[in-house]
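Please read the following note alongside the sequence and the coordinates. The points below take up salt bridges, helix packing and burial in turn.

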Amino acid sequence: MKLAVVGAGSTYTPELVDGLMRMQELLPVTELALIDTDERRLEILTGMTRRMLARGGHPATIAPTTRLEEGAEGAAAVLIQLRVGGQQARMVDESLPLACGCIGQETTGFGGLAKAMRTVPVVLDIAERVRASAPGSWIVDFTNPVGIVTKALLDAGHRAVGLCSAAMVFQRHFAKVLDVDPDTVELDHVGLNHLTWELAVRVEGEDVLHALTNEHVDRVAPATGLKADLVRRLGVVPSYYLHYFYDHDDLVEHHRTHESRAEQVREIEQELLHLYEDETVDQKPELLARRGGAFYSEAAVELLASLLGTSADHRHVVNVRNRGTLDFLPDDAVVEVPARVDTGSVVPLEMPQLDPVARGLVAHVSAYEELALEAALRGGRERVFRALLAHPLIGQHWQAEALADMLIDANRQFLSWA
C-alpha cells in the first residue's frame with residue numbers, strides 16, 4: 001500500500017510518521033512518498049523519516065520527490081498538508097486586521113479568507129494532477145481552512161474528505177479528566193470546521209456531558225479558551241476557536257501588544273528543523289507538541305485505515321457534505337461531524353441539532369464560507385469585499401472595504417487576478 005504526503009517538508013511530518021510507525025498493523029504502508037517543492041526541507045524531513053521508521057522497525061520504503069505526479073502515481077491515498085506562503089504570509093494575516101479592530105487568526109475571519117484565497121487554487125491544481133496520476137485514490141485534506149478547501153475539492157468531483165484533529169484532542173482530554181480509556185469515549189461533535197460544539201460525550205454509552213460542564217468544568221474550560229462559568233452556562237463544550245467569537249474584543253487588544261502565534265510558530269519551526277537535521281535524532285522531539293496539531297497522527301492513520309479497508313472502525317469525525325445533518329444548512333455545505341467511513345463512501349451520521357445560540361452562528365459562518373470559496377475560485381475585489389462583509393467578526397462595511405484592499409495588496413503574488 002502506497003501513501004503519498006504532499007507538503008512533506010512540513011515540520012508536522014514526524015508527527016504523522018510517528019503514527020504510521022506505532023499503528024503499522026492498522027495501516028500497513030509499504031511505500032511512503034514524500035512530496036515537496038522545497039528541496040532542502042524535503043531532504044531534512046526525508047532523513048528524519050528514515051531514521052524514525054528504522055528505529056520503529058517499519059518496513060516501508062521512502063520515496064522523496066519534488067515531482068507531484070511521480071509521488072502520487074499508484075498511491076491509495078494522498079494526504080495534503082501545506083501552507084501556501086509559509087509562516088511569513090501567516091504573520092501578515094494575523095497582524096493586518098488588528099488595525100481595523102478585527103482579530104488576526106489563520107483560519108477565522110480575515111486570516112481564514114486570506115489563507116483560502118491563496119490555498120484553494122493550489123490544492124485544486126494538486127487534486128487534478130493526482131486524479132490523472134492515481135485515479136480512484138482518496139484525497140485527505142489537512143490543509144486549513146479545512147472546511148472551505150474540502151468543499152472546493154468535493155465541488156470539483158474529487159474523492160476527498162477533510163480532517164481536523166480537534167475532536168480527537170477533546171476525546172483524549174475528556175478521557176484524562178474522567179480517568180478512562182480514550183477508546184471508550186465517543187463524541188457528538190457538531191458544527192463547521194473550527195466552529196463546533198460537543199453536544200454529547202458518552203463513556204461506554206452513558207452521556208457524561210453534564211458532569212464535564214459542571215463538576216469537572218474547571219479542568220474542561222481551559223481547553224476551550226473560555227471561562228468556566230460560561231462553559232457551565234452553555235451546557236456544551238465549545239471548540240477552542242469559539243473564544244475568538246465570544247471574547248473577540250479582548251483578544252484583539254491582547255494581540256496588539258503580544259507576540260503573534262505566527263511569530264511563535266516560526267521560531268518553533270526553526271528549532272525543529274535544526275533538530276531534524278541532527279542524525280542522532282530518530283524520534284519526534286518534545287518540542288513538536290508546541291507546534292500544534294496534537295493527535296494529528298492518530299486521527300490521520302485511523303481515518304486512512306477506514307478509507308483503505310484495513311480497519312473495522314467506521315466512525316470518524318470528518319469534514320463532509322451536510323446532506324441534511326444540520327437541517328438549516330444546504331445539503332452541499334460542508335460540516336464537521338461524525339461520519340461512517342468505508343472504502344466507498346463517507347456518510348455523515350445523524351446528530352442532535354444545535355441550539356439557537358450555536359445555530360445562528362453556524363448559519364452565519366457557513367454563508368461566509370460559501371462567499372469565501374466563490375472569491376477564491378473566481379477572484380475580484382467585490383467578491384473579497386462581500387465575503388469579508390458576511391463574516392460575523394467583521395460585518396461593518398468600512399472594515400470590509402479596508403480589509404479587502406489589505407488582503408489583495410498583501411497577496412498579489414499568490415492571486416492570478418490581482
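1. In this predicted model, Asp229 forms a salt bridge with Arg232, and the closest N and O atoms of the pair are 3.7 Å apart. Since the criterion admits a side-chain nitrogen of Lys or Arg within 4 Å of a carboxyl oxygen of Asp or Glu, the pair of Asp229 and Arg232, at 3.7 Å, is counted. Both residues belong to helix H10 (residues 228-234), where they are three residues apart, about one turn of the helix. Asp229 is partly exposed, its relative accessible area being 44%, and Arg232 is likewise classed as partly exposed, with a relative accessibility of 35%.

2. A pair with the spacing of three residues, about one turn of the helix, is found in helix H12 (residues 248-257), which holds both Glu253 and Arg256. Their side chains meet in a salt bridge with an N to O distance of 2.6 Å. Glu253 counts as partly exposed at 45% relative accessibility, and Arg256 counts as partly exposed at 42%.

3. A salt bridge between two helices deserves separate mention: Glu401 pairs with Arg381, with the closest N and O atoms 2.8 Å apart. Glu401 lies in helix H17 (residues 397-410) and Arg381 in helix H16 (residues 381-390), so the pair ties together parts that are 20 residues apart in sequence. Glu401 is partly exposed at 32% relative accessibility, while Arg381 is partly exposed with a relative accessible area of 28%. Elsewhere, salt bridges that share partners join Glu15, Asp18, Arg22, Lys284 and Glu298 into one network. The count of salt bridges comes to 30.

4. How do the axes of helix H2 and helix H13 lie, and at what angle do the two helices pack? Helix H2 (residues 39-56) packs against helix H13 (residues 261-277) at an angle of about 55°, and their axes are 9 Å apart. An angle from 65 to 115 degrees would count as roughly perpendicular and one under 35 degrees as roughly parallel, and H2 and H13 are therefore oblique to each other. H2 passes H13 in a left-handed crossing. On the H2 side the contact is made by Arg40, Arg41, Ile44, Leu45, Met48 and Arg51, and on the H13 side by Glu269, Leu273, Tyr276 and Glu277. The residues of this contact divide into five nonpolar and five charged, with no polar ones.

5. Helix H6 (residues 146-155) is mostly covered, with nine of its 10 residues buried. The buried residues of H6 are Val146, Gly147, Ile148, Val149, Thr150, Lys151, Ala152, Leu153 and Leu154. Their cover includes two helices, H5 (110-133) and H15 (356-378), together with the strands E5 (138-141), E6 (160-162), E11 (315-321) and E12 (334-341). After H6 comes Gly157, whose phi is positive, near 85°.

6. In helix H4 (residues 86-95), the buried residues are Gln87, Ala89, Arg90, Met91, Asp93 and Glu94. The elements that cover these buried residues of H4 include H5 and H13. H5 is thus named in the cover of H6 and again in that of H4, while H13 is also the packing partner of H2.

How values were computed
Residues numbered from 1 in each chain as written. Predicted model: local features only at pLDDT ≥ 70, side-chain atom pairs only at ≥ 80, totals over all residues. Heavy atoms only, no water. Axes fitted to C-alpha atoms, helices over the stretch in contact; angles between N-to-C directions. Helix = DSSP H or I, 4+ residues; strand = E, 2+ residues; numbered from the N terminus. Parallel < 35°, antiparallel > 145°, perpendicular 65-115°, else oblique. Left-handed = near helix turned anticlockwise from the far one by under 90°. Contact = heavy atoms within 4.5 Å. Nonpolar A, V, L, I, M, F, W, Y, C, P; charged D, E, K, R; others polar. Buried < 20%, exposed > 50% of the residue type's maximum accessible area, 1.4 Å probe, protein only.
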